[in-house]
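Visitor: I would like a quick tour of this model, one question at a time.
Guide: Here it is.

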Number of protein chains: 2
Amino acid sequence: MSGSDRAVLARPQLSPRGRAIRDAALKLFAERGYEATTTTEIGAAVGIRGPSLYKHVSSKQDLLLAIMLDAMDVLHDVHALAVAGVDDVADRLRRAVEAHVRFHTRHRLEAFVGNREIRSLDEANRAVVVARRSSYERLIRALIEEGVAASRFHVASVKLASYALLDLGMGVAAWYREDGDLSEDEIVYTYGRFALTLVGAAG
Amino acid sequence: MSGSDRAVLARPQLSPRGRAIRDAALKLFAERGYEATTTTEIGAAVGIRGPSLYKHVSSKQDLLLAIMLDAMDVLHDVHALAVAGVDDVADRLRRAVEAHVRFHTRHRLEAFVGNREIRSLDEANRAVVVARRSSYERLIRALIEEGVAASRFHVASVKLASYALLDLGMGVAAWYREDGDLSEDEIVYTYGRFALTLVGAAG
DNA sequence: TATCAAGGCTACTGAGCATTAGCCTTCCAG
DNA sequence: CTGGAAGGCTAATGCTCAGTAGCCTTGATA
């Protein structure tokens, strides 16, 4: 887990203004999309003009990349934390899905942008983000495979089951609202149970 | 069902070139996104220059709107067809979900663009599309409510269950490939069964 | 054969955009 | 009190677009 510790502990420190800019950009990217968001708008959201952003940030593209990479780090971290030290494979899957869903409520903007704007990254950056996402997807699939191998899970297709679980999380990021009438815990626990029935977990 | 008949029978006839342009635009919108797609590219895809598009199409925005509206019509149609004449509520739900998922494989580009590019529609057009989508979502939710009322389904939250089912379809549109190793029927039937376990359908 | 519509094309318009240049103020360190 | 860095600003640069104007070819019709 030294990798995720690094991500947790050594996440680069941003100046307060830098943080504000990134937050504003995140909100705008989520709302209007990356291409449709102008540097003027991002600036306005933190009370400065567009060109002044460049005193804090190297480019709009880097802003997007940083947002996505940070989010992927957090996602890996919460997954690792959720399954660490848990032996039973069904428990591990349930906890992994709970962490997955909770991430998508707590960081819904990051998740939303991360899913929708990969296309807006240029080639090289996209490759990095896609690789990191695939590595996460493999973790979930490996859990299901393990349960199947142990005859604890029974699925028609491991791939299909893992897609389904991952997609449910992404869906949450699209519709969840903090002030909605579904509480975070309600969603998390319900989806955790969905996951187990979905893989046909015995007992 | 006269509404959906209208949609099926009276879908406006497009010239072959018009069709080709719409298809090309759909593919490009799905690949690069609406904002990132230029009229020059759409033109090139059908062998003409960007400005010549305007001999067939009134604007890029209208192209997007037409794609989305047509897709929503088809989705409503396949739903209506799937549940028509089926009495048992569990059967109706399963068939509705199967139709939902099949739509998202057969029309994955339309579904993909329809979900991701609503933001790119201007205010008025967006309102129309959103309304039509909500009406579809209500159909699914009503099915679940009906099963719950009849004590055939048992869910923690109707809303959550319907979100989950709808999101699974959207997920399919994101990863399904005709030449992938999961067949359309395999996905459709598996998700149909998912749906029933997910709503805790008895028998 | 003359006409005309359909459907191409190039050139142009007008707008918007990310980013850079270069200037000015503020404020802290020496 | 002075020098310089930090962080604003306006103006300008260079590019990319959607959409329009207006011209030309083709081919069917009358």
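## Helices, copies and DNA contacts

Guide: This is a predicted model. In chain B, helix α6 covers residues 108-116, and its buried residues are A111(B), F112(B), V113(B), G114(B), N115(B) and R116(B).

Visitor: Which helix of chain A helps cover the buried residues of α6(B)?
Guide: Part of the cover comes from chain B itself, including α2 (16-32), α4 (60-83), α5, α7 (123-149) and α8. The other chain contributes too. Its helix in the cover is α6 (108-116) of chain A.

Visitor: Which residues does H104(B) touch beyond four places in sequence?
Guide: H104(B) sits in helix α5 of chain B. It is buried, at a relative accessible area of 3%. Leaving out residues up to four places away, H104(B) touches A111(B), G169(B), M170(B), V172(B) and A173(B).

Visitor: Where does the side chain of H104(B) find a backbone oxygen?
Guide: General helix geometry helps here. An α-helix has 3.6 residues a turn, so residues three or four places apart point the same way. The side chain of H104(B) comes to 2.8 Å from a backbone oxygen, that of H100(B).

Visitor: Is R22(B) buried or exposed?
Guide: R22(B) belongs to helix α2 of chain B. Beyond four places in sequence, its contacts are L14(B), L63(B), A66(B), I67(B) and D70(B). The cut-off for burial is under 20% relative accessible area. R22(B) has 13%, so it is buried.

Visitor: How far apart are the end C-alpha atoms of α9(B)?
Guide: Helix α9 of chain B holds 15 residues, 184-198. At 1.5 Å a residue, they should span 21 Å. The model agrees: the end C-alpha atoms are 21 Å apart.

Visitor: Which helices of chain A help cover the buried residues of α9(B)?
Guide: The buried residues of α9(B) include I187(B), V188(B), Y191(B), F194(B) and L198(B). From chain B, the cover includes α5 (89-106) and α8 (158-175). From chain A, it includes α8 (158-175) and α9 (184-198).

Visitor: Which residue just after α9(B) takes a positive phi?
Guide: The helix ends at residue 198. The positive phi just after it is about 60°. The residue is G200(B).

Visitor: Where is S151(A) found, and what is its phi?
Guide: Most residues other than glycine have a negative phi, and most peptide bonds are trans. S151(A) is not a glycine, yet its phi is positive. It lies in the loop between α7 (123-149) and α8 of chain A. In chain B, S151(B) also has a positive phi of about 60°, in the loop between α7 and α8. For S151(A), phi is about 60°.

Visitor: What kind of axis relates chain A and chain B?
Guide: A turn of 180° with a shift of 0.0 Å along the axis lays chain A on chain B, at an RMSD of 0.0 Å. That is the relation of a two-fold axis.

Visitor: What percentage of the contact residues of chain A recur in chain B?
Guide: The same surface serves both copies. The share that recurs is 100%.

Visitor: Which residues come nearest to DNA strand D?
Guide: There are 14 residues around DNA strand D. By class, they are four nonpolar, six polar and four charged. Those that come nearest are R17(A), S52(A), K55(A), H56(A) and Y54(B).

Visitor: What is the distance from the side chain of R17(A) to a phosphate oxygen of DNA strand D?
Guide: Backbone atoms also reach phosphate oxygens of this strand. A polar backbone atom of T37(B) is 3.1 Å from one, and a polar backbone atom of T39(B) is 2.8 Å from one. For an N or O atom in the side chain of R17(A), the distance is 2.5 Å.

Visitor: Which residue has a polar side-chain atom 2.5 Å from a base oxygen of DNA strand C?
Guide: Of the atoms of DNA strand C within 4 Å of the protein, 65% are sugar or phosphate and the rest are bases. Two side chains reach phosphate oxygens at 2.6 Å: R17(B) and H56(B). The residue that reaches a base oxygen at 2.5 Å is K55(B).

Note on methods: Residues numbered from 1 in each chain as written. Chains lettered and ligands numbered in written order. Predicted model: local features only at pLDDT ≥ 70, side-chain atom pairs only at ≥ 80, totals over all residues. Heavy atoms only, no water. Near = heavy atom within 4 Å. Polar contact = N/O pair within 3.5 Å; in protein donor to acceptor, adjacent residues only side chain to side chain. Nonpolar A, V, L, I, M, F, W, Y, C, P; charged D, E, K, R; others polar. Helix = DSSP H or I, 4+ residues; strand = E, 2+ residues; numbered from the N terminus. Expected span 1.5 Å × (residues − 1). Buried < 20%, exposed > 50% of the residue type's maximum accessible area, 1.4 Å probe, protein only. Contact = heavy atoms within 4.5 Å. Least-squares fit on C-alpha atoms with pLDDT ≥ 70 in both.
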